[in-house]
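Work through the exercises below with the sequence and the 3D structure at hand. Each task is followed by a solution in steps.

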Amino acid sequence: GPEAPKPSEEAEVGLQEAEQDWAAAKAFYDNLVTKKPRPPKPQNAITVAVSSRALFDLVEERRIYQEHGVEKYVEYQQKNENVTLKPGPAFYFVKALEHVNARLLELYPDDEERFDIVLMTNNHAQVGVRLINSINHYGLTIERFCMTGGQSPIGYLTAYLTNLYLSADSEKVQEAIEAGIASATMFTANKDVSYSDTQLRVAFDGDAVIFSDESEQIVKEQGLDRFFEHEQLNENKPLAQGPLKGFLEDLGKIQKKFYAKNERLNCPIRTYLVTARSAASSGARVLKTLRSWGLEIDEALFLAGAPKGPILVKIRPHIFFDDQMFHIEGAQKLGTIAAHVPYGVAQKYHKSS
């Protein structure tokens, strides 16, 4: 057949220059004595971009911004820059990612394949001091900041090779999803619960989250019986991937690094599939799809339409991803931090707020 087109010389030169830049920066930092691990290269890292309103509780600050405008907001933040911000909905998830990083560095001190947390915010740089002070107060390792001064951060997400973007702004999340970036809108739990300090727990819905929304479309348009019939007929045909498949894959890659060091029973990551599907009627296709992708999920819970909230109380995930606000609200009420993925046919039926 015809030869595949070669990348343009310009692109190759650009890549070479980027590698030289990294090599120069590495050489510079290698000469500095520090016990702090350097952030990994974006090409090697699993980059999780978090907005300031997802990382911290900025409800009062948001109110000032909306009622009095940007100047009063900036002034308030500067006056209070030594007042530590309280944790927001993504805070404990970020803490758990950092625990996984600490374990990885013990086992693989020279490996850069780990999580890199980037604070991606459309705040103005003048607010940065309060954010830095709060991050240092909690001992978080967030070295990369992107403060866009009111502009959309979506272009920077692509530049940072972002694997997951978490924000409290549903419009920004929608924009990121449309740009092909795994993203979710964070919602605070309505009750305080304790989270594991030693194991990152991530729960995923199936359809329109890990998988595409093709099956949900059939449920909405043709009803449940037709859906069951369709899933059994297509049991051996893998579902197409959904927006969060890549992040589940990233978690699986990191888990395998622990398994390789005989740490399976002590792995600091656990993944859960929490789906409204019925196991008997439509479960086989889901499990066979995961198998065809070479992905393991630690626990699969098929609820056959039962509410997800009580199961999530038992799991206590640091984050639960779902495409339907109905499930997000149910999880919130019982104390689960939930993240809405605005993808697929369900969005036509319930617009996210």
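**Exercise 1.** Is Lys253 buried, partly exposed or exposed? Then find its salt-bridge partner and place both residues.

Solution. The model is predicted: local features need pLDDT of at least 70, side-chain atom pairs count only at pLDDT 80 or more, and totals for chains, interfaces and linings use all residues. Residues are numbered from 1 along each chain as its sequence is written, and side-chain values use heavy atoms, with hydrogens and water left out.

Step 1. Buried means under 20% relative accessible area, exposed over 50%, and partly exposed in between, with a 1.4 Å probe and protein chains only. Lys253 has a relative accessible area of 42%, so Lys253 is partly exposed.

Step 2. A salt bridge is a side-chain nitrogen of Lys or Arg within 4 Å of a carboxyl oxygen of Asp or Glu. Lys253 forms one with Glu113, and their closest N and O atoms are 3.6 Å apart.

Step 3. Glu113 sits in the loop between α5 (91-107) and β2 (115-121), while Lys253 belongs to helix α11 (residues 245-259), so the pair ties together parts 140 residues apart in sequence. Helices (H or I, at least four residues) and strands (E, at least two) are DSSP runs, numbered from the N terminus.

Step 4. Glu113 is partly exposed as well, because its relative accessible area is 21%.

**Exercise 2.** Describe the salt bridges of Arg63 with Glu67 and of Arg226 with Glu229.

Solution. Step 1. The structure holds 22 salt bridges. In the one between the side chains of Arg63 and Glu67, the N to O distance is 2.8 Å.

Step 2. Arg63 and Glu67 are four residues apart in helix α3 (residues 59-68), which means that about one helical turn separates them. Arg63, at 32%, is partly exposed, whereas Glu67, at 51%, counts as exposed.

Step 3. The side chains of Arg226 and Glu229 also meet in a salt bridge, at 3.7 Å from N to O. Both residues lie in helix α10 (residues 224-233), three residues apart, about one turn of the helix. Arg226 is partly exposed at 30%, and Glu229 is partly exposed at 45%.

Step 4. Elsewhere, salt bridges with shared partners join Asp111, Glu113, Asp250, Lys253 and Lys257 into one network.

**Exercise 3.** Where is Thr148, and which residues does it contact beyond its neighbours within four places in sequence?

Solution. Step 1. Thr148 is in the loop between β3 (144-147) and α7 (154-159).

Step 2. Its relative accessibility is 11%, so Thr148 counts as buried.

Step 3. Contact means heavy atoms within 4.5 Å. With neighbours within four places left aside, Thr148 is in contact with Thr121, Asn122, Asn123, Pro153 and Tyr156.

Step 4. A polar atom of the Thr148 side chain lies 2.5 Å from the backbone oxygen of Gln151.

**Exercise 4.** Which two residues other than glycine, Leu161 and Ala208, have what phi values, and are they buried or partly exposed?

Solution. Step 1. Leu161 is not a glycine, yet its phi is positive, about 55 degrees. Leu161 is found in the loop between α7 and β4 (162-167), and at 43% relative accessibility it counts as partly exposed.

Step 2. Ala208 also has a positive phi, near 70 degrees. Ala208 is found in the loop between β6 (200-204) and α9 (214-222), and at 0% relative accessibility it counts as buried.

Conventions: A polar contact is a pair of N or O atoms within 3.5 Å; within protein, one must be able to donate a hydrogen and the other to accept it, and residues adjacent in sequence count only if both atoms are side-chain atoms.
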